[in-house]
Amino acid sequence: MSNIGDLKIIYNKNKDNKALEELEYFSGDIIKEVRNFHNSFSEYKITPLHDLQALAREYNVNKIWIKDESYRFGLNAFKVLGGSYAIAKYLSKITGTGKLSFDSLNKALSAKDISFITATDGNHGRGVAWTANRLGYKAVVFMPEGSAEDRISNIRREGAEVIVTDKNYDDTVQLAQEYAKVSGGIIVQDTAWEGYEEIPLWIMQGYATIIDEALEQVQSKPTHIFLQAGVGSFAASIQASLIVRFGDEAPKVIIVEPHNANCIYKSAQYNTEKAQTVSGSLSTIMAGLSCGTPNPIAWKILRRYSTAFVSCPDYFAARGMRILASPTGDDQAVISGESAAVGPGLLSLIIDHQEYGDILDNLGINSDSKILFISTEGDTDPLMYKKIVWDGLYPVL
Ligand SMILES: Cc1ncc(COP(=O)(O)O)c(C=O)c1O
């Protein structure tokens with residue numbers, strides 16, 4: 001473990017490519033079904049992947065690619081991929097509809113009296129609300145205290161009932177769970193707990209469309225992928241898919257979290273099979289990563305396969321947002337939100353600051369490296385985005 005300046009990193013000593021049974025959930029056939037399902041929506045388009053050549057030259061690495069999920073289904077974030085697939089799998093299970101496509105599900109139930117319930121800091125709830133709306137179902141979405149107004153109104157615009165609580169994210173998930181029990185609704189949560197695994201696994205499978213597309217878009221295999229984590233479902237989905245695809249030759253995965261909600265980092269620190277919880281306000285500008293309890297399935301996958309776990313302050317994300325918004329040379333500008341840009345911010349700081357130099361060596365980042373980032377959201381809180389990118393809020397300390 002190193003603790004230099006503001007950044008904390010743990011190199012995974014358990015890393016082992018021996019197959020976990022969870023890999024079966026990310027087989028080529030399943031990923032094909034997931035991708036075909038997403039493709040059945042008229043909004044489906046492969047999201048752009050940019051080759052940031054000038055930035056790669058500046059940082060003396062071979063490639064820097066960034067996949068821009070702000071284009072996903074017009075919803076400014078990747079999360080709909082998981083919620084939509086999980087709702088589809090659930091409906092196909094209860095109706096016996098074999099074919100998983102938007103049209104077949106749309107026709108499957110005439111009495112649409114099911115409510116889908118979820119808790120969210122914005123993006124997941126918007127994806128669930130959008131899917132429920134498209135298929136003609138009701139959605140009830142719980143949000144933690146302090147949720148951004150734009151994120152709330154975007155969910156209401158999808159016809160969902162939104163309940164903003166006076167609790168943090170983890171306690172809000174609890175409230176949504178209790179509400180589902182009492183109301184008889186179906187909880188569609190992007191994290192698992194004991195006895196609740198089927199829907200979260202479908203959600204994780206849904207995210208795999210991203211890496212399936214990205215591996216088609218890059219001209220050669222990445223050597224390193226930086227993945228930001230809240231509960232870790234997104235990162236574990238990508239991580240598992242990479243191991244299924246490449247085995248021992250899989251790219252190195254570096255998991256990145258904010259200090260105040262670094263539950264995966266803390267789990268790596270304790271290094272037990274059971275994931276650890278971070279409690280308190282979980283306060284961070286990276287709202288999508290503001291989660292105190294890892295998804296246990298995700299932790300199992302990340303503990304086995306990921307290369308390193310990083311915890312960093314908010315200004316790392318802010319720096320990433322500014323770099324992507326104002327590129328050098330002919331690079332494409334990317335509007336990357338607080339929860340999306342922490343990976344590029346981290347790379348920039350470990351390259352620019354000598355005290356972090358051993359991290360580059362330990363991760364094996366050098367002039368041959370081909371680095372992939374996934375920008376998981378755009379400016380989902382436009383006011384905060386402008387304060388950070390235009391006004392320089394959260395400067396590098
Ligand atoms: C934009 C964004 N990126 C990353 C994540 C992290 O995903 P997970 O909670 O599955 O780790 C989230 C979660 O909401 C998010 O909204």
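Two rings of Phe, Tyr or Trp, the last represented by its six-membered ring, are taken as an aromatic pair if their centres lie within 6.5 Å. In this predicted model, the structure holds 16 aromatic pairs. One of them is formed by Phe73 and Trp130, whose ring centres are 5.2 Å apart and whose planes meet at 40°, so that the pair is classed as tilted, since planes under 30 degrees apart would count as stacked and those over 60 as edge-to-face. Phe73 is located in the loop between strand S4 (63–68) and helix H3 (80–95), whereas Trp130 belongs to helix H5 (residues 123–135), and the pair therefore ties together parts that are 57 residues apart in sequence. Phe73 counts as buried, with a relative accessibility of 5%, and Trp130 is likewise buried, at 7%. Both residues belong to one aromatic cluster, in which they are joined by Phe37, Phe41, Tyr44 and Tyr85.

Aromatic rings also lie beneath charged side chains. Lys221 is placed over the face of Phe246, at 5.0 Å from the ring centre, and Lys386 is placed over the face of Trp390, at 5.4 Å from the ring centre.

A further site is centred on Thr284, which is found in the loop between helix H10 (263–270) and helix H11 (296–305). Thr284 has a relative accessible area of 16% and is therefore buried, the cut-off being under 20%. A polar atom of the Thr284 side chain lies 2.9 Å from the backbone nitrogen of Met286. When residues up to four places away in sequence are not counted, Thr284 touches Pro258, Ser290 and Asp314.

Key: Residues numbered from 1 in each chain as written. Predicted model: local features only at pLDDT ≥ 70, side-chain atom pairs only at ≥ 80, totals over all residues. Heavy atoms only, no water. Helix = DSSP H or I, 4+ residues; strand = E, 2+ residues; numbered from the N terminus. Buried < 20%, exposed > 50% of the residue type's maximum accessible area, 1.4 Å probe, protein only. Polar contact = N/O pair within 3.5 Å; in protein donor to acceptor, adjacent residues only side chain to side chain. Contact = heavy atoms within 4.5 Å. Lys NZ or Arg CZ within 6 Å of the ring centre and 35° of its normal.
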